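Visitor: I would like a close look at a single part of this structure, one helix and what lies around it. Please take me through it slowly, residue by residue where that helps.

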Amino acid sequence: MEQPLEVIKTMWQAEPHRKNELDLMKMIYKRYGLAGFYRGSVANYLRTTVKSVYRYPLLIFFQGVFDRIFPGMEKSAKKLALVKALSGLCVANVDSVIVCPLERIKVFFMTRTDFKGGYSSYFKAHSQKLVKVLFKGLSIHMLRQNVSWFVWLESDACTKMYVRRKHNIDPFKQTIPFALVLPIALVTSIVNVLAVMPFDMVKTNIQKEKPVLVKEVLTKYGNKRHFKYFFVGWRVRLLQYFIQNVFTMNMLEIMESKYRKVRDKQQ
């Protein structure tokens, strides 16, 4: 479901002069056929799988650590926000180091025009400086992840707290119904898109087949006339975030509920 959307968003960020999603889809189909919408799919599937294995268990782990440091987080909105923020920043930095090589390969193969080989040819071509190549854009990727995790967890905590109060949902005994997860997912997706898109656009241009420096991207698009290019593909990204949040928020709600029950039994 997500792969074609990721290709459209990434290629649009690499070629921000395109008019809209339809214009870009026509270009992709004309150049590469239907297979063009699955460029870099192996790296993207691997990236998504690896993230799914550790991300949310790691998030629950860090929340447990900070919960012991700042006890009673459910009773204080400020403590809950602090625990969420610290947990998100810890996960973001671990996540950045693990995912950056896969992110770099994904972006490279989605935006390539001159390189004709496959993954094995890519590794052979860069064997002399493979680590440097794979971790290209790590700093901006790390900054993007920190912003993304912080904004997502804080907006998630605030919207869930509001929904629980409005609908009298006990966080210790009940999980938020799936029907209410949908508007929460939409709100957090909109907030995340507004916060993350500029960093994501810069990261793509650093990691694409023909990379440019951060300074060049900011110089080229950092004026009033071209500032909109930092947000190209925002509708596609919003749909991506919404799809991801619908699944992950529901799963995270269940995991956090189970954690609270285990913690209370141990106490």
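Guide: Let us take helix α7 as the part to examine, bearing in mind throughout that this is a predicted model. Q145 makes a convenient entry point, since it touches R55, A92, D95 and S96 when residues up to four places away in sequence are not counted. Q145 has its place in helix α7, and with a relative accessible area of 4% it is buried, because buried here means a value under 20%.

The helix itself covers residues 138-167. Its 30 residues should span 44 Å at 1.5 Å a residue, and the C-alpha atoms at its ends are 42 Å apart, so the expected and modelled lengths agree.

W149 also lies in helix α7, and it too is buried, with a relative accessible area of 4%. Leaving aside neighbours within four places in sequence, the contacts of W149 are R55, Y56, L59, G88, V91, A92 and D95. R55, A92 and D95, which appear in that list, are also among the residues touched by Q145. A wider distance helps to place W149: its C-alpha atom is separated by 15 Å from that of C100, a residue 49 positions away along the chain.

R144 belongs to helix α7 as well, and although its side chain is charged by the usual grouping of residues, R144 is buried, with a relative accessible area of 6%. The side chain of R144 is joined to that of D200 by a polar contact of 2.8 Å. Apart from neighbours within four places in sequence, R144 is in contact with V196, F199, D200, K203, R237 and Y241. Helix α8 covers residues 178-207 and helix α10 covers residues 234-266, which gives a frame for reading that list of partners.

One of those partners, Y241, leads on to a residue of another helix, because Y241 is also among the residues that S189 touches. S189 is found in helix α8, and at 0% relative accessibility it counts as buried. Not counting residues up to four places away in sequence, S189 touches L238, Y241, F242 and N245, while its side chain reaches the backbone oxygen of A185 at 2.5 Å. For a sense of scale, the C-alpha atoms of S189 and V131, which are 58 residues apart along the chain, are separated by 33 Å.

Next comes the end of the helix. α7 is followed by N168, which is found in the loop between α7 and α8. N168 is exposed, with a relative accessible area of 67%. The phi of N168 is positive, at about 55°, although this residue is not a glycine. Most residues other than glycine have a negative phi.

The surroundings of α7 also include open space. The largest pocket has a volume of about 750 Å³. Of the 33 residues that line this pocket, E2, K51, R55, Y56 and Q244 are the closest to its centre. The elements that give two or more residues to the lining are α1 (3-14), α3 (41-69), α4 (77-111), α7, α8 and α10. R55 and Y56, named here among the residues closest to the centre, are both contacts of W149, and R55 is touched by Q145 too. By character, the lining divides into ten nonpolar, eleven polar and twelve charged residues.

Among the elements that share this lining with α7, α1 deserves a short comment. Eleven of its twelve residues are buried, so α1 is largely enclosed by the rest of the structure. The buried residues include Q3, E6, K9 and W12. At 1.5 Å a residue, the twelve residues of α1 should span 16 Å, and the end C-alpha atoms are 17 Å apart, which agrees.

Finally, one residue elsewhere gives a contrast in exposure and a distance back to the helix. K220 lies in helix α9, which covers residues 214-221, and at 53% relative accessibility K220 counts as exposed. K220 and V151 are 69 residues apart in sequence, and their C-alpha atoms are 27 Å apart in space.

Technical notes: Residues are numbered from 1 along each chain as its sequence is written. This is a predicted model: local features need pLDDT of at least 70, side-chain atom pairs count only at pLDDT 80 or more; totals for chains, interfaces and linings use all residues. Side-chain values use heavy atoms; hydrogens and water are left out. Helices (H or I, at least four residues) and strands (E, at least two) are DSSP runs, numbered from the N terminus. Buried means under 20% relative accessible area, exposed over 50%, partly exposed in between (1.4 Å probe, protein chains only). A polar contact is a pair of N or O atoms within 3.5 Å; within protein, one must be able to donate a hydrogen and the other to accept it, and residues adjacent in sequence count only if both atoms are side-chain atoms. Contact means heavy atoms within 4.5 Å. On a 1 Å grid over the protein atoms alone, a cavity is a set of points where a 1.4 Å probe fits but cannot get out, and a pocket is an open set with protein on both sides within 12 Å along at least five of seven lines; lining residues have an atom within 4 Å of a point. Grid points are joined across faces, edges and corners, and a volume is the space filled by probe spheres set on the points. The expected span of a helix is 1.5 Å times one less than its number of residues.
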